[in-house]
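This report describes selected local sites and then the overall build of one chain. The sequence and the coordinates come first.

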2 protein chains.
Amino acid sequence: MVAPTGAYADSDMFKLQCSRSSDRPAAKRWDNHLTDECRARAPGILKVAARFLKRPGMISLAGGLPSPDYFPFSSISATIPAIPGAAESDVFEAESTIAMGLRDIASGDAAFDLSVALNYGQAAGSAQMIRWITEHTELVHKPLYADWDTCLTTGNTAGIYQALRMLCDKNRGDSWMTEEYCYASALETALPMGIKTVGIKMDADGPIPEVMDELLTNWDAAKKGARKPHVLYTVPTGQNPTGSTQSAARKRAIYKACQKHDIYIVEDDPYYFLQLPSNSNSHQNSSKLPINTFLSNLPPSFLSIDTDGRVMRIDSFSKVIVPGARMGWVTASEQMIERFIRHAETASQGPSGFSQALIYKLVDEKWGHQGFLDWLQHLQAEYTGRRDVMLAAFEKFLPKSIVSWNSPSAGMFCWIKIKHSLRPNAKLYSALDIEEEIFAACLKRGVLIAKGSWFRAEPDLPLDDVFFRLTFAASSAENMEVAVRTFGTALRSIFNLA
Amino acid sequence: MVAPTGAYADSDMFKLQCSRSSDRPAAKRWDNHLTDECRARAPGILKVAARFLKRPGMISLAGGLPSPDYFPFSSISATIPAIPGAAESDVFEAESTIAMGLRDIASGDAAFDLSVALNYGQAAGSAQMIRWITEHTELVHKPLYADWDTCLTTGNTAGIYQALRMLCDKNRGDSWMTEEYCYASALETALPMGIKTVGIKMDADGPIPEVMDELLTNWDAAKKGARKPHVLYTVPTGQNPTGSTQSAARKRAIYKACQKHDIYIVEDDPYYFLQLPSNSNSHQNSSKLPINTFLSNLPPSFLSIDTDGRVMRIDSFSKVIVPGARMGWVTASEQMIERFIRHAETASQGPSGFSQALIYKLVDEKWGHQGFLDWLQHLQAEYTGRRDVMLAAFEKFLPKSIVSWNSPSAGMFCWIKIKHSLRPNAKLYSALDIEEEIFAACLKRGVLIAKGSWFRAEPDLPLDDVFFRLTFAASSAENMEVAVRTFGTALRSIFNLA
């Protein structure tokens, strides 16, 4: 490849023969779901011209790419800790190093180097990362339709943002559906765009498909002030903020309702790999499961049950590698990925080359898929231990007469319900008042917790319930116990309990 | 600072006393220029809550930040080449290393480490980079008003994109002005947003202020199909594609016209530091200039003459460090930077932590401002040499009877005009036909050049002139000569010259 910039790649180049088989159906088209802006995006003229560079010997005076001769980085490297208890312990037992030089390709050592990674590249991401993600998708999700594709993002924040720009248009009176309690940043993205958010009532298993079906069947655009929703945004695993995880049956029922009402699904699944088994002690110290056992224990994703190409799945390295990489990926039908890339070309030009270089060296060259899954098992054991510390503190310190909670099977969050009607003189106060009272009492005692009302899809509706979201991801076990005890003390004081 | 995430910082924390002096005027407000979407953006609720974490001893169970204990990077490092001919040659003569560990802050060694850089951070960027950019702005631009501010971007692509979202709204019938030949990606960003682009006629000095004044004075919204433009987008240095650089007098005249018509200026200046002196041989082998001499030789930026806070300046590391960092910065009034950050919070969450860590270590700890400016002088000498190779090849190989060109004093581009009316039977062909004929003839001979028409602000207007953009940035001297000779051969053949 003589192109001076990173070569364009898509998943089709890397799929197993069986997974692009013509036996599989093609994805449906989503033209009617796209915004005018999205439909109007054309490929950048200079990127189109760069296709001529595939011809051997072509000299380009066209693209204003800086010469790698002037990159002030001869090489970059990173020290990687061992994966505790990894199955192949000889490979992973010691700290090790990954490195990438400026001219590794020219010296015949590599397919990727800094002269490519640190120059202008494809907004879709480097060919090397797209290959890895394509293999990963085939291992984990095994899509049922033929023409799926994938590209990198600058993180799930950008994934959600770009999905909204693609699908929702205030001039069309568009709305989207989310869980009734929803990731705050997703709500904050839609609001200034003029997109109405419709919250779907949840139970312990996530959004309730019958509620969604009824809402859509009886939608009255005039009364609701918005067109019938045509997009569902959902966080199916360890949902933020409720910690709920959708069962396979729940996903199938939601998918079916979406088929019935022609709903496009945005599956935002950053916690997918933070599965937290209920019996952590036996798991934590054992060696890692074989790759196939680990994979078969994972719940099916929306992507994996999607026969229509109706799902855009948004994946992230943030929770399982580092948030600061600002790098994730999306998987959907070719049509949708192509539109997504067109947007990324003018919005970001794709993720950092430093991130792409170091994450590629880590997950592909150093770990491979087995090592990555071993790392995930390590994380799962660690986060399971943290969850159990928090749940034990709840048992020990919270007044059960007024407090109930879930036991999350994935993710980073516990969701606590307060029976606020049991507060003395409750009738004098709104639920919002009592939520603020508890929040402020904790704050005064040195503990910051997240109010349930911060996550409401429709904050203008009356608030009936008081919830708090507590994370076990960030604090030490000791601090978690101190904070939960303080929370309990604040509640006892407000509710006048012994 | 006990916050588990990067602390918020703005330029005011780092300004010299004199530059925030109350003697200086405050920026004007730009509320009427902002879009509804931009005005509607509110701070993210969890970022607001994080302010409580400033209180010492506060324990947070609020934010779902992964623990740095689970970051699979113990340290990162990079090898940095020497800066040839740097003034302080003892410091820069040899290859050296920069490195950042996971827990450098805790061990008392540093103000910035991977536990911060690789976790969720501020969309504005790390405090360390904001300090460096604030100092850099005071050294180079010395803004004339008091309440200027700065924040990082994920590159100029994102800077332009976000500026457009802030300022231009198709529902308001908005339009923006650009140079008549304009950076293609900026045009491609505005088009699907439904923003009309109005091209301002240029001369060798850039856009002509009298033409702009007349256009605005006589604007007829009904006839033009757009509201009178309220934004000027300009690339003042080594303009892409024409290579023109605005003189100080030209900038003042443009600024004055913008004041008259209440135009907000977006100054996109990625080539600012690629000044190319006309007498390169004497410069190339000499040692570096003292910092003050170097700085006083730089032309004034729009930012530096801006008394109203009317300018958003977009800067980039892409042309002077590496494009793959996907990191740059914007400088404007506090009001505009605050709105810019609100957008970045839901669009990107700011640049990669790997990029921030490595660039910070390079430009602050390793080089400092003196070293950075030494590096820029090295680049200038190198690119000047490249430009001169290209100009010499033009002299040698191009038929001057039909070809003329500029000698760019900055940037990466030469701009070549073809007297297409001298083609045999010229009247049978449109300018566009002849442009395509020359482009295709070069391509057939193995040379890719960029058509002038790719960069037209208003491609629907009739095309009168045939231009080509040639870059001297990317190819070797040998390849440049081969390519220019081929270009000359193609022209001679088409124009039937000996």
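Gln122(B) sits in the loop of chain B that runs between helix H4 (114–117) and helix H5 (127–140). In this predicted model, the residue has a relative accessible area of 16%. Because the cut-off for buried is under 20%, Gln122(B) counts as buried. Setting aside residues up to four places away in sequence, Gln122(B) touches Gly6(B), Ala7(B), Tyr8(B), Lys47(B) and Gln349(B).

One of these partners, Gln349(B), belongs to another loop of chain B, the one between helix H14 (334–347) and helix H15 (353–397). Gln349(B) is buried as well, with a relative accessibility of 12%. Its backbone deserves a note: phi is positive, about 60 degrees, although the residue is not a glycine. Most residues other than glycine have a negative phi, and most peptide bonds are trans.

Asp262(B) also has a positive phi, about 55 degrees, and is not a glycine either. It is placed in the loop between H10 and strand E10 (264–268) of chain B. Is Asp262(B) buried or partly exposed? Its relative accessibility is 38%. Partly exposed covers the range between under 20% and over 50%, so Asp262(B) counts as partly exposed.

The next two sites concern the peptide bond. Which residues does a cis peptide bond join in chain A? They are Asn240(A) and Pro241(A), with omega at about 15 degrees. Pro241(A) is in the loop that links strand E9 (231–234) and helix H10 (248–260) of chain A. In chain B, the bond from Asn240(B) to Pro241(B) is cis, and omega is near 20 degrees. Pro241(B) is found in the loop between strand E9 (231–234) and helix H10 (248–260) of chain B.

The backbone angles are collected below.

| Site | Feature | Angle |
|---|---|---|
| Asn240(A)–Pro241(A) | cis peptide bond | omega about 15 degrees |
| Asn240(B)–Pro241(B) | cis peptide bond | omega near 20 degrees |
| Asp262(B) | positive phi | phi about 55 degrees |
| Gln349(B) | positive phi | phi about 60 degrees |

Ser175(B) lies in a strand, E5 (residues 175–179) of chain B. The relative accessible area of Ser175(B) is 1%, so the residue is buried. What lies 2.9 Å from a polar atom of the Ser175(B) side chain? It is the backbone oxygen of Arg227(B). Arg227(B) is also among the contacts of Ser175(B) when neighbours within four places in sequence are left aside. The other contacts are Cys168(B), Ile195(B), Lys196(B), Val198(B), Trp219(B), Ala226(B), Lys228(B), Pro229(B) and His230(B).

The remaining values describe chain A as a whole. Chain A contains 17 helices and 17 strands. Its C-alpha trace spans about 85 × 60 × 45 Å along the principal axes. The radius of gyration is 24 Å, which agrees with the value near 23 Å for a compact globule of 498 residues. Of these 498 residues, 63% count as buried. Among contacts with a separation of 6 or more, 75% come from residues 24 or more positions apart.

The exposed surface of chain A is about 17,500 Å², of which carbon and sulfur atoms supply 51%. The chain carries 52 positive and 55 negative charges, and the mean positions of the two sets are 4 Å apart.

Technical notes: Residues are numbered from 1 along each chain as its sequence is written. Chains are lettered from A and ligands numbered from 1 in the order in which they are written. This is a predicted model: local features need pLDDT of at least 70, side-chain atom pairs count only at pLDDT 80 or more; totals for chains, interfaces and linings use all residues. Side-chain values use heavy atoms; hydrogens and water are left out. Helices (H or I, at least four residues) and strands (E, at least two) are DSSP runs, numbered from the N terminus. The radius of gyration is taken over C-alpha atoms; the globule rule is 2.2 Å times the number of residues to the power 0.38. Buried means under 20% relative accessible area, exposed over 50%, partly exposed in between (1.4 Å probe, protein chains only). Contact means heavy atoms within 4.5 Å. Accessible areas come from the Shrake-Rupley method with a 1.4 Å probe; for residues, only the protein chains shown count as cover. Lys and Arg count as positive and Asp and Glu as negative; His and the chain ends are not counted. The place of a charge is taken as NZ of Lys, CZ of Arg, CG of Asp or CD of Glu. A polar contact is a pair of N or O atoms within 3.5 Å; within protein, one must be able to donate a hydrogen and the other to accept it, and residues adjacent in sequence count only if both atoms are side-chain atoms.
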